[in-house]
Amino acid sequence: MKFVKVLTAVLVSLVAGMMTACIGGGSSEPTRYYMVDVESIGTVGAGNASKTVQVRKFTIDPAYQRSNIVYRESAYTFMFYDLDLWASRPDQMLNKTAVKYIDQSGLFAKGSKTAKPDYEILGNIDAIEEVDEGSSRYAHLDMTLTFRKTEGAPLFEKEYNERLTMDGSEPQHVAQSISKLYGQFMEDFLKNVSQNMGE
């Protein structure tokens with residue numbers, strides 16, 4: 001009798017496991033990856049194209065170091081999308097995008113990787129996220145950009161902290177809006193870099 005009860009329990013467990021697999025255990029959502037793209041920005045003032053610059057590795061608040069896209073529903077919540085990720089860590093992604101903007105600006109000569117550059121650009125990211133407030137969704141980017149002579153005092157430094165209404169509710173709209181914000185930041189930053197070169 002005891003053996004029959006044990007056998008029945010085993011069979012019930014097996015059937016339950018098979019039903020779970022049939023109902024949906026075998027299918028899974030694909031992971032999706034997103035990037036910040038270079039936006040079209042206004043013409044930067046003429047600079048001294050003989051000078052060189054290096055974009056240092058950006059720093060980032062530890063809460064945003066992972067690749068998962070962050071979304072927040074209040075000042076007290078901090079959540080991650082499970083299957084919607086940045087293609088690389090946000091600090092690395094924005095760093096590479098900054099290099100593209102600087103190359104397109106024509107402000108600087110192509111520097112040697114071994115020679116000491118004339119200038120440095122640094123970035124620190126305090127927030128990169130989606131903010132949900134009721135039916136409204138915003139992309140939020142908060143970062144500080146610094147332009148200085150190599151290992152010297154800042155020639156120009158500014159915190160950029162803006163939100164932009166998203167065109168939709170999908171994570172791809174976060175990437176699109178963050179790209180637009182970053183383009184606005186870089187346009188203003190590079191204009192100020194142009195004005196502060198040679199000081």
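Two strands are said to pair if DSSP finds at least two bridges between them. In this predicted model, strand β7 (residues 136-149) and strand β8 meet that condition, pairing in the antiparallel sense over eleven bridges. Together β7 and β8 form a hairpin with four residues between them. Within this pairing, F147 stands opposite F156 in β8.

The turn of the hairpin holds a residue worth pausing on. E151 sits in the loop between β7 and β8, and its phi is near 60°, a positive value in a residue other than glycine. Is E151 buried or exposed? With a relative accessible area of 62%, E151 is exposed, because exposed residues are those over 50%.

It helps to step back and view the whole chain. The protein chain has three helices and eight strands, and along the sequence they follow the pattern α-β-β-β-β-β-α-β-β-β-α. Of the 199 residues in the protein chain, 40% are buried. Among contacts with a separation of 6 or more, 71% come from residues 24 or more positions apart.

Which residues have the most contacts inside the largest nonpolar core? They are W86, F147, Y182 and F189, in a core of 44 residues. The elements that give two or more residues to this core are β2 (53-55), β4 (68-72), β5 (79-86), α2, β6 (119-133), β7, β8 and α3. Of these, α3 gives the most, with ten residues. F147, already met opposite F156, touches a long list of residues beyond four places away in sequence, including F108, Y119, I121, L155, F156, F189 and V193.

Aromatic rings offer another way to follow the fold. How many aromatic pairs are there? The count comes to nine. One of them joins Y101 and Y182, whose rings lie 6.1 Å centre to centre with 85° between the planes, an edge-to-face arrangement. This pair links distant parts of the chain, as Y101 belongs to helix α2 (residues 90-105) and Y182 to helix α3 (residues 171-196), 81 residues apart. Residues under 20% relative accessible area count as buried. Y101 has a relative accessibility of 1%, and therefore counts as buried. Y182 is buried as well, with a relative accessible area of 0%.

A further pair is formed by F156 and F189, which is tilted, with 6.0 Å from centre to centre and 45° between the planes. Here too distant parts of the chain are linked: F156 lies in strand β8 (residues 154-165) and F189 in helix α3, 33 residues apart. F156 has a relative accessibility of 15%, so F156 counts as buried. F189 is buried, with a relative accessible area of 0%. F147 touches both F156 and F189.

Elsewhere, Y64, F78 and F80 form one aromatic cluster. The ring of F80 also has a charged partner, since the charged end of R66 sits over that ring, 3.9 Å from its centre, within the 6 Å limit for such an arrangement. In a second case, R163 lies over the face of Y138, at 4.4 Å from the ring centre.

Two smaller residues complete the picture. A139 lies in strand β7 and, at 0% relative accessibility, counts as buried. Although A139 and T165 are 26 residues apart in sequence, their C-alpha atoms are 6.4 Å apart in space. Setting aside neighbours within four places in sequence, A139 is in contact with nine residues listed here in full: E129, E162, R163, L164, M166, V174, S177, I178 and L181. R163, which lies over Y138, is thus also a contact of A139.

T97 lies in helix α2. What is the relative accessibility of T97? The value is 3%, so T97 counts as buried. A polar atom of the T97 side chain lies 2.9 Å from the backbone oxygen of M93. Leaving aside neighbours within four places in sequence, T97 is in contact with V36, D37, V38 and Y182. Y182 therefore appears in several parts of this account: Y182 is buried, pairs with Y101, touches T97 and is among the residues with the most contacts inside the largest nonpolar core.

How values were computed:
Residues numbered from 1 in each chain as written. Predicted model: local features only at pLDDT ≥ 70, side-chain atom pairs only at ≥ 80, totals over all residues. Heavy atoms only, no water. Phe/Tyr/Trp six-rings, centres within 6.5 Å; stacked < 30°, edge-to-face > 60°. Buried < 20%, exposed > 50% of the residue type's maximum accessible area, 1.4 Å probe, protein only. Lys NZ or Arg CZ within 6 Å of the ring centre and 35° of its normal. Contact = heavy atoms within 4.5 Å. Polar contact = N/O pair within 3.5 Å; in protein donor to acceptor, adjacent residues only side chain to side chain. Core = buried A, V, L, I, M, F, W, Y, C linked by side-chain atoms within 4.5 Å.
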